[in-house]
Amino acid sequence: MKYGKHVYRVFFIFLCSILIVPCTQNITYGKNSASKKHVIIIFKNNIEKNTITQLDGKVKHSFHSISAIAGEVPQSAISKLQANDQIAKIEPDQKVRVSGQIRDWGVSKVQAPRAWSSHFTGKGVKIAVLDTGIAKHPDLSIAGGVSMVSKSYNDTDGHGTHVAGIIAAKNNKIGVVGVAPDAQIYAVKVLKSDGDGYISDVISGIEWSIKHHMNIINMSFGTLDYSEALKKEVDKASRNGILIVAAAGNHSNSKTSSKTDNIDYPARLSSTVAVGGVGKNLKKASFSSIGKEIEFTAPAVDILSTYIGNQYAWMDGTSMATPFVTGALALLKQEYPHLSNQALIAKLYTSTIDLGAKGKDHYYGYGFVQAPYIKSSFSTSLKTNQSTYKRGNTVQITENVLNANSKKPVSDANVKIVITTIKGVVKNTTTKTNSKGTITYKLTTNSHFYKGQYLITTTVSKSGYNTKIASKTIVLN
């Protein structure tokens with residue numbers, strides 16, 4: 001059993017506090033003449049690589065757009081290079097790192113920030129990450145764990161740490177943030193440092209998860225071979241109320257037939273939630289396995305998350321898609337702790353974005369996962385400048401729109417205004433609230449207006465809010 005390492009592309013970012021900036025500690029030339037220094041050498045005219053090599057240095061990069069090279073040279077060579085009249089400048093090759101917290105595209109695309117504004121953060125939910133372990137990282141809080149393959153659950157591969165960050169990297173103004181930043185993650189090491197493992201170790205990890213009352217198990221790995229023992233253990237965990245989320249696998253390519261069913265185990269099992277992957281365009285990732293078992297799809301390409309060595313890395317694979325669904329289920333579990341697994345999964349179904357063929361299909365399942373949230377409510381105040389008018393008068397309609405909870409003005413809300421009489425609709429128009437949460441609309445009456453009652457109805461709507469309808473009656477004499 002193994003995760004699909006061949007589809008991962010890893011790039012490292014050094015930790016710091018969204019801009020790329022030099023590290024606060026500049027590289028300085030020390031006294032140890034044997035130490036190698038990373039430098040950039042700028043030449044006045046043409047590049048001369050032997051400038052470094054003849055001084056026991058090594059060229060790492062030779063730039064085409066500028067007359068410069070980068071490399072390593074002994075400390076003792078610095079003064080000789082500075083004396084070379086063909087060199088314009090020597091500067092330290094400084095490290096760069098991320099400044100501020102980045103919301104990975106996947107976290108934004110599954111609408112996790114909207115869930116947090118509804119106080120869905122995964123608080124109190126226990127998640128077992130069965131993987132290569134989890135490394136200590138300033139952007140992660142590891143609640144505990146166990147290793148079935150070594151003495152420590154520390155991750156020396158990076159895969160498990162990356163998965164853990166997608167689920168629950170802290171919302172702490174550095175690095176990245178996970179879908180459920182307040183969830184408790186447990187490192188259950190069932191894969192060795194090369195990403196391989198045995199079914200028996202996975203079963204032991206699930207047993208540990210049952211014993212320690214985990215709410216969710218994330219398994220970003222798989223095998224194409226069926227195991228009766230694994231099925232029995234997965235079923236047992238499910239009967240114990242544990243949600244089990246597993247990667248569909250990375251067995252597809254551009255030539256894969258639409259009739260193919262190449263889903264991995266344990267994702268193929270009925271007791272698990274099988275997750276496929278999509279790219280930024282919400283199209284199926286070329287490598288993502290397909291089949292009737294797919295239930296959800298999630299971000300699986302260029303996913304930035306935590307990595308070993310206090311670093312961050314981009315990775316690809318359904319291994320990355322799986323923790324997005326785990327995080328979304330953690331948000332639901334927080335809000336509805338007593339609901340059954342099937343009820344929670346059904347709730348997640350209702351919020352997905354349907355992709356591909358209408359309804360459930362074997363490319364996207366029920367669709368692209370969306371984090372759950374509670375819509376806010378409007379508080380409105382609909383007024384007119386008078387209640388009785390004569391023909392020729394101007395009716396001024398004013399409505400103030402506030403957030404019902406915070407009482408703050410809601411700007412850019414759509415307000416549909418419909419004015420009717422017993423004869424039918426007089427006016428139908430839509431406007432938007434200003435920065436103060438207010439709309440003002442003026443209707444000038446004339447000789448064509450009927451005498452009698454006029455009903456003013458407003459419908460206020462905005463993404464993330466429940467629609468609010470208000471009405472008021474005026475009289476035209």
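Here are a few friendly notes on the largest pocket and the aromatic rings of this predicted model.

1. A good place to begin is the largest pocket, which holds about 270 Å³ of space. Its lining is made up of 13 residues. If you want to find the pocket on screen, look for Ser-117, Ser-118, Ile-374, Ser-376 and Gly-464, which lie nearest its centre.

2. What kinds of residue line this pocket? By class, 8 are polar, 3 are nonpolar and 2 are charged.

3. Turning to the rings, the whole structure contains 7 aromatic pairs. One of them joins Tyr-349 and Tyr-366, whose ring centres are 3.9 Å apart. The planes of these two rings meet at 35 degrees, so the pair counts as tilted.

4. This pair links distant parts of the chain, with the two positions 17 residues apart in numbering. Tyr-349 belongs to helix H9 (residues 341-350), while Tyr-366 sits in the loop between H9 and strand E19 (378-384).

5. Are these two tyrosines buried, exposed or partly exposed? Tyr-349 has a relative accessible area of 22%, so it is partly exposed. Tyr-366 is partly exposed as well, at 31%.

6. The tyrosine pair also has company: ring pairs link Phe-296, Tyr-349 and Tyr-366 into a cluster.

7. Finally, have a look at two places where a charged side chain meets a ring. The charged end of Lys-347 sits over the ring of Tyr-336, 4.5 Å from its centre. Arg-268 lies over the face of Tyr-265, and here the distance to the ring centre is 5.5 Å.

How values were computed
Residues numbered from 1 in each chain as written. Predicted model: local features only at pLDDT ≥ 70, side-chain atom pairs only at ≥ 80, totals over all residues. Heavy atoms only, no water. 1 Å grid on protein atoms, 1.4 Å probe; cavity = no way out; pocket = protein on both sides within 12 Å on 5 of 7 lines; lining within 4 Å. Points joined across faces, edges and corners; volume = space filled by probe spheres on them. Nonpolar A, V, L, I, M, F, W, Y, C, P; charged D, E, K, R; others polar. Phe/Tyr/Trp six-rings, centres within 6.5 Å; stacked < 30°, edge-to-face > 60°. Helix = DSSP H or I, 4+ residues; strand = E, 2+ residues; numbered from the N terminus. Buried < 20%, exposed > 50% of the residue type's maximum accessible area, 1.4 Å probe, protein only. Lys NZ or Arg CZ within 6 Å of the ring centre and 35° of its normal.
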